[in-house]
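Me: I'd like to get better at reading loops and strand pairing in a model. Could you walk me through one?

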Amino acid sequence: MKLLILFLLSTIMFAQTNSSVSDSSSVRKPFSSGDVEISFLGGYARTTYETTYSYSYPNPHEATSKSSINVIDLGGNIGFYVAKGFSIEPEFQFSYFWGESNSDLIYSIIGNLSYTYLLPESKSAVFIRAGYGTSNGVPVLPPNNLIYKEGADKNSRILNLGIGFKNFLTENILLRTELGYTSYSYSDDKKTYGITGYKTSYSFVKVLVGLSFLF
């Protein structure tokens, strides 16, 4: 609920719905086929980590552990408009961690499909997006410098959702606010010490604010 309130307040504070966009047929409308939108975002995220273990001893049963932390979320994406309002937004993220015994590269790749609707007689637009991807780990940014690395032959599945507003500050610069959800999930059937398998998930619920540049 706190995340939703913060999201709505940031949207109301910065919205510029009193300025109109020209409806002239000779003027190219924003968010049209061929446009490119580059966004840089940052904000607050609540991360929940949950693991469910399946046991065979002393009798078949499951046990779940769960914890949550607050983190800073930073990122960006690029959108390619393929039709009016519809854009493809690939996301790539790379993190490198090192230690005394090992070092490795963590990557994530997400393919998003987004729809942006420019409100009539307004310089504000609403958007919704959804995507699916894969990652070989889960990066969690400062102040909690936790990075979870999967096994060499395992990848996490990523579900990404977002809804928000875009407000034109200039002809090509927009203020973007987004309420987002990203889930990393991973499972393994490795048998050891009575454990027959386990399922792990990281869920990020986040409020993001940033700038978009429309070309």
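Reply: Sure, we'll go through backbone angles, then a buried side chain, then strand pairing. Keep in mind that this is a predicted model.

Me: How should I read the sign of phi, and which value does F31 have?

Reply: The general idea is that most residues other than glycine have a negative phi. Here F31, not a glycine, has a positive phi of about 65°. F31 sits in the loop between α1 and β1. E121 is another non-glycine residue with a positive phi, near 55°, and its place is the loop between β4 (103–118) and β5.

Me: Are those two buried or exposed?

Reply: The cut-off for buried is under 20% relative accessible area. F31 is at 2%, so it counts as buried. E121, at 49%, is partly exposed.

Me: What does the side chain of D35 reach?

Reply: D35 is in the loop between α1 (2–14) and β1 (36–55), and its relative accessibility is 7%, so it is buried. Its side chain reaches the backbone nitrogen of F31 at 3.0 Å. A polar atom of the D35 side chain also lies 3.0 Å from the backbone nitrogen of S32.

Me: Now strands. Which way do β5 and β8 run, and how many bridges join them?

Reply: In a regular strand, side chains alternate between the two faces of the sheet. In this model, β5 (124–135) and β8 (156–168) run antiparallel, joined by 12 bridges; T134 has R157 as its bridge partner in β8.

Me: And what links β8 to β9?

Reply: They form a hairpin with 4 residues between them. β8 pairs with β9 (173–188) in the antiparallel sense over 12 bridges, and I158 stands opposite Y184 in β9.

Notes:
Residues are numbered from 1 along each chain as its sequence is written. This is a predicted model: local features need pLDDT of at least 70, side-chain atom pairs count only at pLDDT 80 or more; totals for chains, interfaces and linings use all residues. Side-chain values use heavy atoms; hydrogens and water are left out. Helices (H or I, at least four residues) and strands (E, at least two) are DSSP runs, numbered from the N terminus. Buried means under 20% relative accessible area, exposed over 50%, partly exposed in between (1.4 Å probe, protein chains only). A polar contact is a pair of N or O atoms within 3.5 Å; within protein, one must be able to donate a hydrogen and the other to accept it, and residues adjacent in sequence count only if both atoms are side-chain atoms. Two strands pair if DSSP finds at least two bridges between them.
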